[in-house]
Amino acid sequence: MSPPGLPSDLREVAAWGSSSDDWFPPAEIRYYTNAFIVKDNRILLGYKKRGLGIHKYNGFGGKVEPSESPLDAAQRELQEEAGITAPLAHAGTLLFVVPGEKWAHIDIFRAEDYTGAITESDEMRPEWFDQDNVPFDNMWESDRHWLPLLLTNQRFSARADFVKEGGQYVPRRWWVGISETIGHNLSQKVTK
Ligand SMILES: COc1nc(N)nc2c1ncn2[C@H]1C[C@H](O)[C@@H](COP(=O)(O)OP(=O)(O)OP(=O)(O)O)O1
C-alpha cells in the first residue's frame with residue numbers, strides 16, 4: 001500500500017526501512033524541482049557546492065517561487081544552475097520528509113536533449129556520467145531506487161523519510177511506486 005502523501009493506485013517497486021516505524025506525520029508542504037538530462041546513454045548530474053545536499057550529486061533544481069508553476073521553476077533552475085534549456089517532461093515525484101521541517105514535494109523532470117553550453121554555477125558543477133556508472137554512493141541514499149525508473153522513462157512516485165542527526169540527514173524509511181496516472185496539474189501556480 002502507498003505511504004501517506006502518495007497516490008493510492010501505485011505498484012510498489014522498491015521499499016526500505018522497518019514497516020514497524022510509522023511514516024512521519026503530515027506537515028506544511030514546500031514545492032521543489034529537480035531536472036535531469038539523459039542523452040547518448042549518459043546522464044548529466046551536478047555536484048552541489050552549497051545548501052541542501054551539499055557535496056552530493058543530484059539533478060538541477062530548487063524551490064518553486066510564488067506565481068511559478070513547477071515546470072517554470074524547473075526551466076529557470078536548469079538555466080541558472082547549468083546554463084542550459086531543455087524540453088523537460090515530468091518524470092515523477094518525490095516526497096522528502098524530515099520531522100520538524102516542511103515536507104519537500106519535488107517534481108522531477110527529464111529531457112533527452114538540451115540547448116546552450118553547459119556551464120558551472122555558484123551552486124552546481126555539472127558532470128556527465130555513463131548510465132551504468134551513476135555515482136549512487138555520493139547521492140541521496142534513496143536515489144538509487146527511483147533513478148533507474150527515470151533512466152528507463154517509467155513515471156514514478158516516491159517517499160523518503162529521513163531524520164536530522166548532528167546536522168546530517170539519515171535515512172529512516174523509503175518507498176517507490178509506479179503508475180500511469182501519477183502527477184498533478186503542472187501548469188498550476190504555487191501561491192506560497
Ligand atoms: C531524499 O531527498 C532528496 N533527494 C533528492 N534526490 N533531491 C532532493 C532531496 N531533497 C531535496 N532535494 C533536491 C530538491 C532541489 O532540487 C534541491 C534543493 O534545492 P535548494 O534548497 O538548493 O533550492 P534553491 O532554490 O536552489 O536554493 P537557494 O535558495 O540556495 O538558491 O535538492
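**A chat about strands, a helix and a ligand**

Biologist: Hello! In which loop is His 55 found?

Modeller: Happy to help, and keep in mind that this is a predicted model. Phi of His 55 is near 70°, a positive value in a residue other than glycine. As for its place in the chain, His 55 is found in the loop between β3 and β4.

Biologist: Does His 55 count as buried or exposed?

Modeller: Let us go by its neighbours: a residue with 12 or fewer other C-beta atoms within 10 Å is exposed. His 55 has 9 C-beta neighbours inside 10 Å, so it counts as exposed.

Biologist: Which residue in the turn between β2 and β3 has a positive phi?

Modeller: Most residues other than glycine have a negative phi. β2 and β3 form a hairpin with two residues between them. The residue in that turn with a positive phi, of about 55°, is Asp 40.

Biologist: How many other C-beta atoms lie within 10 Å of Asp 40?

Modeller: Asp 40 lies in the loop between β2 and β3. Asp 40 is exposed because the number of other C-beta atoms within 10 Å is 8.

Biologist: What stands opposite Ile 37 in β3?

Modeller: β2 and strand β3 (residues 42-48) run antiparallel and are joined by three bridges. Across from Ile 37, the residue in β3 is Leu 44.

Biologist: Which residue in β7 is the bridge partner of Tyr 47?

Modeller: β3 also pairs with strand β7 (residues 124-130), in the antiparallel sense and over seven bridges. Within β7, Tyr 47 has as its bridge partner Arg 125.

Biologist: And which residue in β4 is the bridge partner of Tyr 47?

Modeller: Strand β4 (residues 57-58) pairs with β3 in the antiparallel sense over two bridges. In β4, the bridge partner of Tyr 47 is Tyr 57.

Biologist: Let us turn to the helix. Why are the buried residues of α2 on the same side?

Modeller: The buried residues of helix α2 (residues 143-151) are Asp 143, Trp 146, Leu 147, Leu 149 and Leu 150. They lie on the same side of α2 because, around the axis, they cover an arc of only 155°.

Biologist: Which strands do the buried residues of α2 pack against?

Modeller: Trp 146 and Leu 150 are among the buried residues of α2. The strands that these buried residues pack against are β2 (29-39), β5 (89-97), β6 (103-111), β8 (156-165) and β9 (168-178).

Biologist: How does Leu 151 count: buried, exposed or partly exposed?

Modeller: Leu 151 lies in helix α2. Leaving aside neighbours within four places in sequence, Leu 151 is in contact with Val 38, Ile 43 and Gln 131. A buried residue needs 20 or more C-beta neighbours within 10 Å. Leu 151 has 17 C-beta neighbours inside 10 Å, so it counts as partly exposed.

Biologist: Which residue with a positive phi follows α2?

Modeller: Look just past the helix, where phi is near 65°. The residue there is Asn 153.

Biologist: Now the interior. Which element gives the largest share of the largest nonpolar core?

Modeller: This core has 41 residues, and Ala 35, Leu 78, Leu 94, Trp 146, Leu 150, Ala 158 and Ala 160 touch the most other members. At least two residues each come from β2, β3, α1 (70-82), β5, β6, α2, β8 and β9. The largest share, five residues, comes from β5.

Biologist: Which residues does Ala 160 touch, not counting those up to four places away in sequence?

Modeller: Ala 160 is one of the core residues that touch the most other members. Not counting residues up to four places away in sequence, Ala 160 touches Leu 94, Phe 96, Val 97, Ser 142, Pro 171 and Trp 174.

Biologist: Finally, which element gives the largest share of the shell around the ligand?

Modeller: The ligand is surrounded by 18 residues, the closest being Gly 61, Gly 62, Lys 63, Phe 96 and Trp 140. The elements giving two or more residues to this shell are β2, β5 and β6. The largest share, three residues, comes from β2.

Biologist: And how many residues of that shell are charged?

Modeller: By class, the shell has eight nonpolar and eight polar residues. The number of charged residues is two.

Note on methods. Residues are numbered from 1 along each chain as its sequence is written. This is a predicted model: local features need pLDDT of at least 70, side-chain atom pairs count only at pLDDT 80 or more; totals for chains, interfaces and linings use all residues. Helices (H or I, at least four residues) and strands (E, at least two) are DSSP runs, numbered from the N terminus. The arc is that of the directions from the helix axis to the C-beta atoms. Two residues are in contact if their C-beta atoms, placed from the backbone, lie within 7 Å. A residue is near a molecule or strand if its C-beta atom, placed from the backbone, lies within 6 Å of it. Ala, Val, Leu, Ile, Met, Phe, Trp, Tyr, Cys and Pro count as nonpolar, Asp, Glu, Lys and Arg as charged, and the others, Gly among them, as polar. Two strands pair if DSSP finds at least two bridges between them. A nonpolar core is a set of buried Ala, Val, Leu, Ile, Met, Phe, Trp, Tyr and Cys residues joined through C-beta atoms within 7 Å.
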